[in-house]
Amino acid sequence: MPTSSPTALVALTVAIGLPLGARAELEPPYAAAWSVAPDFAFSPYSESNGDDPGLMRGLALGLHGTHRWARWGLGLALEGTLWRSVDGAGEEDWFGALHAGVEGEVLSAGGRIRSRLGGGLAVLLEGTALDEAGEVGFYIDLRPAGVRWALGDVVIGLDPLTLFATVPDAGGIPLVDVQYRVCVSAEFGR
Amino acid sequence: MRPALAFALTALFGTPAGAYSLQTAVSESCHERITARSLGPLSALVDIDAHIEIPDDPLLRRLLATLQFPGTAEADDATRFVMMSIIVGVRSPDTEGHSTFDLGALRRLHADPAPRGQYAHALRGPDDDGLPGDLAAVDGTLAAIVEEVRLGAELSAGGVIVRKPAYLDHYGRVEVPVVLFAWHVGRAIHALQDAHAHMIWDADVEHVVGVLNYVDAVEGRLGPDDGLAHSNALDDCDRDDVAPMVEAATRRTTALVGAIVQAVQARDDTALRRGLAPCADDATERDACGWLVYNPPCRAALGGDDPAAVEALCCTDANDFCGSPFAGIAREEPVGPYLGCGAAPGGAPAGWPVALGLAALFALARRRGLALAVGLAALAAPRPAAAEPPRLAVAIEGHGAALDDRVDSAILAPAFGYGVRAAWRVGRWRFGLHVDRDHWLSVEYGARVDAGVLDVALFGEALFFDDYVRVGLALGTSTLMFDSDLHDRGETGVFSELRPLGLRFPIHDALWVVLDPLTAAVVMPAIEPDDRLPSLRKVQRRTVLGIEGCFL
C-alpha cells in the first residue's frame, strides 16, 4: 500500500528517476557538472485547515551547491528556516533554525525532473520556554519530484510539494515541525 | 453506539478496570476506567447542581446522544452531562484538549519545568531533590487536589457551564460545554489517581515512600538525588502486581467524590478534611482518611533535622524503599528521551545517535529505493510509439497519507484508500471521472479504522515531457460513509485534490504505472456554515500509486 510516510517517500525519491531517465540524454544546461542554486521555500498547504488561514506557516531561504556525475548529484545545503508554531507558553510564535546538510539527487526526463533527498543538522536559533538557542538536532528534506526549466543558462526549479521535517531539539520530548512546502530555485551551473 | 464515540466510553467501561494512562491507540484507559468505577455518588453529585440546564447546543446534544455510561442506560441528560464533564476534566491535565499525538502540546504539558505542572501529575518538580523533594511533591500534589476541589466547590451553585477543550478523532480540538464544577472534580480525581501510579507506596498502600520523576528523566538528566524515573510499568493498571494500588486509587477516588458531595451539599467538609489528613491510629474506615500521605515517621524526622533518624526512618533507593513491593516495578520501563537524545553528564554529544539514525535511514532508503527502482526499471518498456495516443484511459489506484503539518495538531493523520479514474484525452489534456474510497484511522481513543468517505469528482490533467509527467486537479463531492462523533453517515460536502506533479512509467504497449509522490487533497464531507458544530474537514497529503490502461 502506498503511503506518504517518510520512509516510503524516501524510497520513492530514489526510485523515481531511474526508469524515466533511461530514455533521455541530459542536455546543457541541465547537465552542468557544478551548480549553485539559491532556493526559496514556503508552505502554502500547511494551514489550509487550521484556525489561521495564513498561507505562510513556514518560510525558508537556502543555498544548494551540487556536483553531478551524469544523472546523479551530491551536494551541500545551507538553509535558514522560519516557521510558526505554538511555544512553551501556549502562544503561537515564530521559530527559527539553521539547517546544514548533505543531499543527493537524481535527474530524469532529460534533466527536466529532479528527485532529491537531503538531511543534516538543525540548529535552533532562538530559545523558547522549553528549548535553548543553539540546541542541535537534525532535519530531513524530501523532494520526491520537481520540474526544471532552462531559461538561457539558468535553470529554474519548481518542487510543487515536498516534505520537510526538522527536529532542532531532539532531547526529551523532541521539538518537531513537519512542513509540506513548495520550493523554487534558480540554478547557476557550469 | 457510534463507532467514533467521543470518549470511547463503551469500550472502556466494557473491560476490567486498569490504570493511569489515558485511552489512546497505544495506551490503556486507566484514568477513565478507574473514574467510571468510582462514581457511585454520581446521583448525589448531580443533585448538587440541581440548577443544571442543558444548553441548547447541537454539539452537546450530539455528544450526549452518543455517550454511554455503565449502569446509566436510563440516566437523564443532566446525569450524562455531569459524567461527560468529569471525564473531560479527568483527561484535561494530560492533554488540555490536545491530541495525545500532538508532540508540541505534550512537550508543554509534560515537560513543563514549573513544579505545579508536575504536581498536577503527582510527580517531582525539577528542583525537588532527595527526601525533601519527595515531601515537596506529595505536599504539592495535595495542594493541587485541594485547589481543584476548592474551585469546584466555589462554582458548585448555579450550574456554571463553560466550554473546555476536548479532542475528537477526525475533528481535532473542539470546545465542548461542561459543568465547571464537575470538570474541576475530574481534575482533582486525576491528580489523586496519578499519585497511585507515579508514587511508590508501602506494602499496605497506606503511605508514600518515594516519588517518581518525569521532567528530568525525559530530558535525560536524572541525577542521583532526583528519584526514580517515571515508570511505564507502574503506570500500567492492567498488571496484577500493581492491583493493590489500582484498587486503592479506585476506593479513594470514590471516597473523594463522596466527600466533595458532602462538602457542597451539606456544607460539611469534615469528610474532605479527614480524607486529606493521615489516618488516626484507631481509624477503622481506612478509605475515609489518608488518601495521600507521605511516610509519617520520615516526615517527622525530616522536620526534626536529625540525620540519624532520617537515615533510619526514611525510604530511598538505597534501602529499596523500605522493602516496598512496588519498588521493583517502579524500576521497570523507566521513561527517557523519546529519541534517546539526552544530556547525560559526561556522555557523548547528544546528536550522535541522531546522526547514526539518519545514516541508518539513508542506508535503508538506499536499499529499498534501489530495490524499487530496479523493479520499476525492469518493468519499464519503451514509450509506445503510436502516431496518435489512445484517447481513453482507465486507472486503478491506491493511496495513503500519514502526517499532518498543522499547527497545534496531532502529527499523525493516517488514511488509506483506493480508487478508479477514467479519462478522455484531447491533445495533451485529459478530462474524466475520479472515484475513490478513503478510509481513516482513529488513534486518539484507541486504534480503529473508520469507513471514511466516498469521493466522486471530475478531474482535468495535462501531460508533459512525452507523457511522462502529469499535473492535475479534481473537484467534486465527498460523502461520509460512517456515523462520526458529530455527523451522520451520508453527509455530503466537497472534495478536491491537487496533483502537482505525477510521474508515469510505460510498462507495456497500453499500460503505465502512475505515481504521484505527494498530492494535496481536501476532504470535507460535512460543512457547517454557522459553526454551531465543527465542520468535518481533512487536508491530506497523499501518495498515489496506480496502473493505467490506455485504449482507443
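1. Where is the place of Phe465(B)? Phe465(B) sits in the loop of chain B that links strand E8 (448-464) to strand E9 (469-480). The model discussed here is predicted. Phi of Phe465(B) is near 50°, a positive value in a residue other than glycine. Most residues other than glycine have a negative phi. With a relative accessibility of 23%, Phe465(B) counts as partly exposed, because the buried class requires a value under 20%.

2. A second residue to check for its backbone is Ala109(A), which is not a glycine but has a positive phi of about 50°. Ala109(A) lies in the loop between strand E4 (92-108) and strand E5 (113-124) of chain A. Its relative accessibility is 10%, so Ala109(A) counts as buried.

3. On chain B as a whole: 17 helices and 12 strands are assigned. The chain has 552 residues, of which 56% count as buried. Taking contacts in chain B between residues at least 6 apart in sequence, 65% join residues at least 24 apart.

4. The strands of chain B include a closed barrel. Eight strands form it, in the order E5-E6-E7-E8-E9-E10-E11-E12, with antiparallel pairing. Neighbouring strands of this sheet are turned by 25° against each other on average, direction ignored. Within the barrel order, strand E11 (residues 511-526) and strand E12 (residues 536-551) of chain B pair in the antiparallel sense over 12 bridges. Ala521(B) stands opposite Gln540(B) in E12(B). The loop that holds Phe465(B) joins strands E8 and E9 of chain B, and both strands belong to this barrel.

5. In chain A, strand E8 (residues 175-189) deserves a look. Of its 15 residues, 11 are buried, so strand E8 of chain A is largely enclosed by the rest of the structure. Strand E1 (residues 34-42) of chain A is joined to E8(A) by six bridges and runs antiparallel to it. In this pairing, Val36(A) has Phe188(A) as its bridge partner.

6. Strand E7 (residues 154-169) of chain A is joined to E8(A) by 12 bridges, again in the antiparallel sense. Val155(A) stands opposite Glu187(A) in E8(A). E7(A) and E8(A) form a hairpin with five residues between them. In the turn, Gly172(A) has a positive phi of about 55°.

7. Is helix H6 of chain B mostly covered or mostly open, and what lies over it? H6(B) is mostly covered, with seven of its eight residues buried. The buried residues are Leu103(B), Ala105(B), Leu106(B), Arg107(B), Arg108(B), Leu109(B) and His110(B). What covers them includes elements of both chains: strand E3 (72-86), E7 and E8 of chain A, together with H5 and helix H7 (115-119) of chain B. The hairpin strands E7(A) and E8(A) are thus among the elements that cover H6(B).

8. The N-terminal end of H6(B) is capped by Asp102(B). A side-chain oxygen of Asp102(B) lies 3.1 Å from the backbone nitrogen of Gly104(B).

9. Helix H5 (residues 77-95) and helix H6 (residues 103-110) of chain B have axes that come within 8 Å and cross at roughly 90°. H5(B) and H6(B) are therefore roughly perpendicular to each other. On the H5(B) side, the contact is made by Pro93(B), Asp94(B) and Thr95(B). These residues meet Leu106(B), Leu109(B) and His110(B) in H6(B). By class, this contact has three nonpolar, two polar and one charged residues. The three H6(B) residues named here are also among the buried residues of that helix.

10. The last point concerns Asn213(B), in the loop between strand E4 (208-211) and helix H10 (215-218) of chain B. Asn213(B) is buried, with a relative accessible area of 0%. The side chain of Asn213(B) reaches two backbone nitrogens: that of Val215(B) at 3.3 Å and that of Asp216(B) at 2.9 Å. Both Val215(B) and Asp216(B) fall within the range of H10. Not counting residues up to four places away in sequence, Asn213(B) touches Leu123(B), Arg124(B), Leu222(B), Asp226(B), Leu228(B), Ala229(B) and His230(B).

Definitions and conventions. Residues are numbered from 1 along each chain as its sequence is written. Chains are lettered from A and ligands numbered from 1 in the order in which they are written. This is a predicted model: local features need pLDDT of at least 70, side-chain atom pairs count only at pLDDT 80 or more; totals for chains, interfaces and linings use all residues. Side-chain values use heavy atoms; hydrogens and water are left out. Axes are lines fitted to C-alpha atoms, for helices over the stretch in contact, and angles run from 0 to 180 degrees between N-to-C directions. Helices (H or I, at least four residues) and strands (E, at least two) are DSSP runs, numbered from the N terminus. Angles under 35 degrees count as roughly parallel, over 145 as roughly antiparallel, 65 to 115 as roughly perpendicular and the rest as oblique. Contact means heavy atoms within 4.5 Å. Ala, Val, Leu, Ile, Met, Phe, Trp, Tyr, Cys and Pro count as nonpolar, Asp, Glu, Lys and Arg as charged, and the others, Gly among them, as polar. Buried means under 20% relative accessible area, exposed over 50%, partly exposed in between (1.4 Å probe, protein chains only). A polar contact is a pair of N or O atoms within 3.5 Å; within protein, one must be able to donate a hydrogen and the other to accept it, and residues adjacent in sequence count only if both atoms are side-chain atoms. Two strands pair if DSSP finds at least two bridges between them.
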